[in-house]
Amino acid sequence: MAAEEHAAEHAPTAGEYISHHLTHLTNRVQTGIADFSTSDPVLKLDSLFFSILLGVVGCFLLWSVARRVSSGVPGRMQAAVEFLVEMVDTQAKGIVHNAESRKAVAPLALTAFVWIFLMNAMDLLPLDLLPKLWAGVYGAMGHDPHHAYLRVVPTADLSVTLGMSVTVLLACLYYSIKIKGLGGWIAELFSAPFHAHGPAALLLAPINFTLQMIEFAAKTISHGMRLFGNMFAGELVFMLIALMGAVGFGSFGGIALWVGNVIAGTAWAIFHILIITLQAFIFMMLTLVYVGQAHDKH
């Protein structure tokens, strides 16, 4: 009886439970919302581990299908990959009209879709499964298991999604310079969107340049924030549903809450399959659109 009371006294509150699940495994404590230290940068080890692992898994899956491809009746996996490749290729042809550029842009879009889909799909694992396993390993290593932090959805980490959107920005800048030439691209920075001639062009040049910089920043930030916001919100809903089940187990007559937890968790997981697929598709399409815009002359 005393042991049960002791466990109840030390059980985390709802706020502590959510705060624990929203804390990253890092190499050192982050001192603020944004920490740009270059001498000792903050590394979110869990995001790095799972994003790299799922990137390798995605590459291995596509490679294994490619090496077993046959001209006969395709298996389910081959049919799914062929459908995905054809879908990406069709979208790329409709947006990026330069055939030479599509040789690199279409694989980039396909990689983004598969990688983001796999990272998003980590949200479908039981919420406490991997964190509990990590807590056991962390405790066995001689550390306090209550401070074993682990977040398994890399796309719910803003640094990951912004890193991917910055990569898309760099691809856009590369193709802008490649297609228009360095001089043509620089000239466009000061001439678009308000095209003018003569003295008016000099007056509008600073305004044009400012608007171009705002456009680059807005597209990059919104590209990463959109994916992060949706996945972070989905992860938070799973935590609230898990708390519903915990309250059901811990209260008299809480069977209704436990049943509600099962029903709500199942319904949200099924609906979340659509969200994780849609978010991967949207990121892929915006990648194609932004790179396609880099080929257009304003």
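Colleague: Among contacts between residues at least 6 apart in sequence, what share joins residues at least 24 apart?
Modeller: This is a predicted model, and the figure is computed from its atoms. A contact here is a pair of heavy atoms within 4.5 Å. Among contacts between residues at least 6 apart in sequence, the share that joins residues at least 24 apart is 69%.

Colleague: How many helices and strands does the protein have, and what pattern do they follow?
Modeller: The protein has 9 helices and 0 strands. Read along the sequence, the pattern is α-α-α-α-α-α-α-α-α.

Colleague: What percentage of the residues count as buried, and how much area does the protein expose?
Modeller: The protein has 298 residues, and 35% of them count as buried. Carbon and sulfur atoms supply 72% of the exposed area. That exposed area is about 17,200 Å².

Colleague: Which helix gives the largest share of the nonpolar surface patch?
Modeller: The patch covers about 670 Å² and is made by Phe49, Leu53, Val57, Phe60, Leu61, Trp63 and Met77. Phenylalanine 60, one of these residues, has its place in helix α3. The largest share of the patch is 6 residues, and they come from residues 45-67, helix α3.

Colleague: Is cysteine 172 buried or exposed, and what about cysteine 59?
Modeller: Cysteine 172 has 8% relative accessibility, so it counts as buried. Cysteine 59 has 54% relative accessibility; with the cut-off for exposed at over 50%, cysteine 59 counts as exposed.

Colleague: How many disulfides are counted?
Modeller: A disulfide is a covalent bond between the sulfur atoms of two cysteines. The rule asks for a pair of cysteine sulfur atoms within 2.5 Å. By this rule the count is 0.

Colleague: How many salt bridges does a search of the whole structure find?
Modeller: Side chains of opposite charge can pair when their charged atoms come close. The cut-off between the side-chain nitrogen and the carboxyl oxygen is 4 Å. A search of the whole structure gives a count of 6.

Colleague: Which residue forms a salt bridge with lysine 93?
Modeller: The closest N and O atoms of the pair are 3.3 Å apart. The two residues lie 4 apart in helix α4 (residues 76-95), so about one helical turn separates them. Lysine 93 is partly exposed at 47%, and its partner is also partly exposed, at 30% relative accessibility. That partner is aspartate 89.

Colleague: What is the N to O distance in the salt bridge of lysine 103 and glutamate 100?
Modeller: These residues are 3 apart in helix α5 (residues 99-121), so they are separated by about one helical turn. Lysine 103 is exposed, with a relative accessible area of 59%. The N to O distance is 3.4 Å.

Colleague: Is lysine 219, which forms a salt bridge with glutamate 215, buried or exposed?
Modeller: The closest N and O atoms of glutamate 215 and lysine 219 are 3.6 Å apart. Both residues belong to helix α8 (residues 199-250), where a spacing of 4 residues puts them about one helical turn apart. Glutamate 215 is partly exposed at 35%. Lysine 219 has a relative accessible area of 17%, so it is buried.

Colleague: Leaving aside neighbours within four places in sequence, which residues are in contact with proline 145?
Modeller: Proline 145 is in the loop between α6 (129-140) and α7 (158-191), and at 38% relative accessibility it counts as partly exposed. Its C-alpha atom is separated by 9.0 Å from that of lysine 132, 13 residues apart along the chain. The residues in contact with proline 145 are Ala135, Tyr138 and Gly139.

Terms used. Residues are numbered from 1 along each chain as its sequence is written. This is a predicted model: local features need pLDDT of at least 70, side-chain atom pairs count only at pLDDT 80 or more; totals for chains, interfaces and linings use all residues. Side-chain values use heavy atoms; hydrogens and water are left out. Patches are made of residues with over 30% relative accessible area and no salt bridge: like charges are joined within 9 Å, nonpolar side chains (Val, Leu, Ile, Met, Phe, Trp, Tyr) within 5 Å. Accessible areas come from the Shrake-Rupley method with a 1.4 Å probe; for residues, only the protein chains shown count as cover. Buried means under 20% relative accessible area, exposed over 50%, partly exposed in between (1.4 Å probe, protein chains only).
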